[in-house]
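Colleague: I am new to this structure and would like to learn how to read it. Please take me through the features one at a time.

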Amino acid sequence: MAGENVSFPDTFVLLGFSEYPWLQLPLFAVVLVSHILTIMGNISIILLSMMEPRLQTPMYFFLDNLSLLDLCITCTTVPQLLDNLWGTEKTITSWGCITQLYMFTWAGFAECVLLAVMALDRYVAICHPLRYSLIMNPWACVWMATACWFSGLANSLLQTTLTIQLPLCGHHTLDHFFCEVPALNKLACGDTTTNDLSFILGAIPFAVMSPLMVIVSYTLIGRAVLKLPSAEGRHKALSTCSSHLVVVIMFFGPGIYMYLQPPAGSTQAKFLSLFYCVITPLLNPLIYTLRNKDVRSAWIRILPLKVGRKAFQEK
């Protein structure tokens with residue numbers, strides 16, 4: 001029994017949405033279709049930027065990284081969710097749970113930093129256009145993207161390693177549809193003060209500093225745009241930021257609300273997580289495709305079918 005208190009069980013039970021039996025099959029269909037479209041959409045964005053020379057710019061380089069992170073988030077959580085919605089056994093192996101912990105935490109924190117870097121890229125493009133190519137040179141972009149991935153990895157290693165060392169005392173039922181740090185902390189039968197403090201302090205650069213950096217960047221962008229003499233120039237400048245701003249709101253909004261809320265309703269947290277893991281990765285490529293003239297033009301040049309070209313031209 002002593003060993004059981006300090007180690008993970010062989011499997012975890014993921015309750016997911018089992019309190020809504022009538023919702024299982026409709027939700028399975030919605031999540032499955034969304035998952036397929038998410039994979040197709042994000043991979044197409046990556047391939048499109050590789051094939052189209054006009055999209056080989058810092059903005060689309062960071063967009064490729066965003067697509068990769070979205071794929072990591074959705075491919076880490078959604079397959080297990082689909083399996084639990086379809087099957088009767090709503091379980092996940094301990095190694096599967098640990099993998100979800102590391103990958104989801106890594107991708108989530110890295111995306112926080114990346115969205116701030118993308119806001120900085122838009123600030124330099126609009127406020128310092130003549131120095132843009134000098135500041136956002138290829139090596140600078142690579143270093144910034146690397147910093148995003150490695151900062152997320154470092155925090156993931158810290159938070160997840162602390163979490164899997166917690167004594168669970170045989171508890172193995174998670175009131176969630178995937179394994180994440182706060183959900184596992186609730187299962188612990190020992191003192192979680194160190195873990196909670198580490199999670200809060202570790203989240204500050206990602207959940208506080210990154211949104212603050214976005215706000216500062218867009219405040220400076222707004223001031224610069226208001227100084228432009230022509231309405232057409234102001235509209236063109238704002239149109240380059242609109243897609244990123246929508247993505248930022250969709251990402252940080254539910255995430256900050258979910259993690260800063262007092263742990264009251266688990267059902268609300270699960271639906272917010274569903275939006276974060278399923279809907280946001282699905283909408284990101286759509287937003288950048290439908291709201292961005294460069295991407296639409298690239299699709300029109302690449303798509304061989306006239307029907308496809310007419311569809312994009314109409315949008």
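Modeller: Start with the secondary structure: the protein has 12 helices and three strands. Helices (H or I, at least four residues) and strands (E, at least two) are DSSP runs, numbered from the N terminus. Residues are numbered from 1 along each chain as its sequence is written. This is a predicted model, in which local features need pLDDT of at least 70, side-chain atom pairs count only at pLDDT 80 or more, and totals for chains, interfaces and linings use all residues, while side-chain values use heavy atoms and leave out hydrogens and water.

Colleague: What is the mean pLDDT of the protein?

Modeller: pLDDT is the predictor's confidence in each residue, from 0 to 100. Here the mean is 85, and 89% of the residues reach 70 or more. Over residues 1-6 pLDDT stays under 50, and the model has six contacts (heavy atoms within 4.5 Å) for them beyond four places in sequence. Where pLDDT is low, the predicted coordinates should not be read in detail.

Colleague: Which contacts join residues at least 24 apart, and how many of the residues are buried?

Modeller: Among contacts between residues at least 6 apart in sequence, 79% join residues at least 24 apart. As for burial, a residue is buried under 20% relative accessible area, exposed over 50%, and partly exposed in between (1.4 Å probe, protein chains only). Of the 315 residues in the protein, 46% are buried. Tyr-60, in helix H3 (residues 58-86), counts as buried because its relative accessibility is 4%. Between Tyr-60 and Met-50 there are 9.6 Å from C-alpha to C-alpha, at 10 residues apart in sequence.

Colleague: What does the accessible surface of the protein come to?

Modeller: Accessible areas come from the Shrake-Rupley method with a 1.4 Å probe; for residues, only the protein chains shown count as cover. The total is about 15900 Å², and 71% of it belongs to carbon and sulfur atoms.

Colleague: Which residues form a nonpolar patch on the surface?

Modeller: Patches are made of residues with over 30% relative accessible area and no salt bridge; like charges are joined within 9 Å, nonpolar side chains (Val, Leu, Ile, Met, Phe, Trp, Tyr) within 5 Å. In this model Leu-197, Ile-200, Leu-201, Ile-204, Val-208, Met-209, Leu-212, Val-216 and Leu-220 form such a nonpolar patch, with about 780 Å² of accessible area together. One of them, Leu-212, lies in helix H8 (residues 193-226). Leu-212 is partly exposed because its relative accessibility is 43%.

Colleague: How many salt bridges are there?

Modeller: A salt bridge is a side-chain nitrogen of Lys or Arg within 4 Å of a carboxyl oxygen of Asp or Glu. By that rule the count is three. In one of them, Glu-19 meets Lys-270 at 3.0 Å, N to O. This pair links distant parts of the chain, 251 residues apart: Glu-19 sits in the loop between strand E1 (11-14) and helix H2 (24-51), and Lys-270 in helix H10 (residues 266-290). Glu-19 is partly exposed, at 36%, whereas Lys-270 is buried, at 1% relative accessibility.

Colleague: Where does Asp-175 lie in the chain?

Modeller: First the bridge: Asp-175 and Lys-270 meet at 2.9 Å, N to O. Asp-175 is in the loop between strand E3 (173-174) and helix H7 (181-187), 95 residues from Lys-270 in sequence. At 35% relative accessibility, Asp-175 counts as partly exposed. Glu-19, Asp-175 and Lys-270 are thus linked in a network of salt bridges. Elsewhere, Asp-121 forms a salt bridge with Arg-122, with 2.9 Å between the closest N and O atoms, and both residues are buried.

Colleague: How many aromatic pairs are there?

Modeller: Rings of Phe, Tyr and Trp (its six-membered ring) pair if their centres lie within 6.5 Å; planes under 30 degrees apart count as stacked, over 60 as edge-to-face and the rest as tilted. The count is 14 aromatic pairs. Phe-104 and Tyr-276 form an edge-to-face pair, 5.9 Å centre to centre, with 70° between the planes. Phe-104 is in helix H4 (residues 94-127) and Tyr-276 in helix H10, 172 residues apart. Both are buried. Phe-251 and Tyr-276 have ring centres 5.2 Å apart and planes at 45°, so this pair is tilted.
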